[in-house]
Amino acid sequence: MSKNLFCDICGKFKYLTIPHKCPPKWQVCEYDEEDVEFVDVYADTAEEAAKEFAADYDRRNGDFDIANGDDVKIKVQSVGGDRSYWLVSGESIPEYYAKEEHEPF
Ligand SMILES: [Zn+2]
């Protein structure tokens, strides 16, 4: 898939039939750690920003702590400075596959 199908600013998929408009920018960080810097996240709502940050958090640390049941406290700040606080959690959902075999086992 070509990279130019994704917005250079927000990173979201750009549909060819719909003019692209970036969702609002939020600044998001893990609440517990004092030294953590805010990360820019583009999302329609503060809740979506918290969830996107959580997914990226899991991918970054590679252990998928949130998807494996840990809760993480997250702070979300709007461009206007309004802050909200989110306790994010998640789950990993099993995916099953079936492939037909032409002979019995
Ligand atoms: Zn965009």
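Among contacts in this predicted protein model between residues at least 6 apart in sequence, 35% join residues at least 24 apart, two residues being in contact if their C-beta atoms, placed from the backbone, lie within 7 Å. Residues are numbered from 1 along each chain as its sequence is written. Because the model is predicted, local features need pLDDT of at least 70 and side-chain atom pairs count only at pLDDT 80 or more, while totals for chains, interfaces and linings use all residues.

**Fold and overall shape**

- The protein has one helix and four strands, in the order β-β-α-β-β from the N terminus; these are DSSP runs numbered from the N terminus, helices being H or I of at least four residues and strands E of at least two.
- The radius of gyration, taken over C-alpha atoms, is 18 Å, well over the 13 Å that the globule rule (2.2 Å times the number of residues to the power 0.38) gives for 105 residues, so the protein is more spread out than a compact globule.
- The C-alpha trace spans about 65 × 40 × 20 Å along its principal axes.

**Burial and core**

- Of the 105 residues, 12% count as buried, meaning that 20 or more other C-beta atoms, placed from the backbone, lie within 10 Å of a residue's own.
- The largest nonpolar core (buried Ala, Val, Leu, Ile, Met, Phe, Trp, Tyr and Cys residues joined through C-beta atoms within 7 Å) has twelve residues, including Trp26, Val41, Phe53 and Ile66.
- Strand E1 (25-30), helix H1 (46-61) and strand E3 (72-78) each give two or more residues to this core, and H1 gives the most, with five.
- Leaving aside neighbours within four places in sequence, Val28 is in contact with residues including Phe38, Val39, Ala49 and Ile74.
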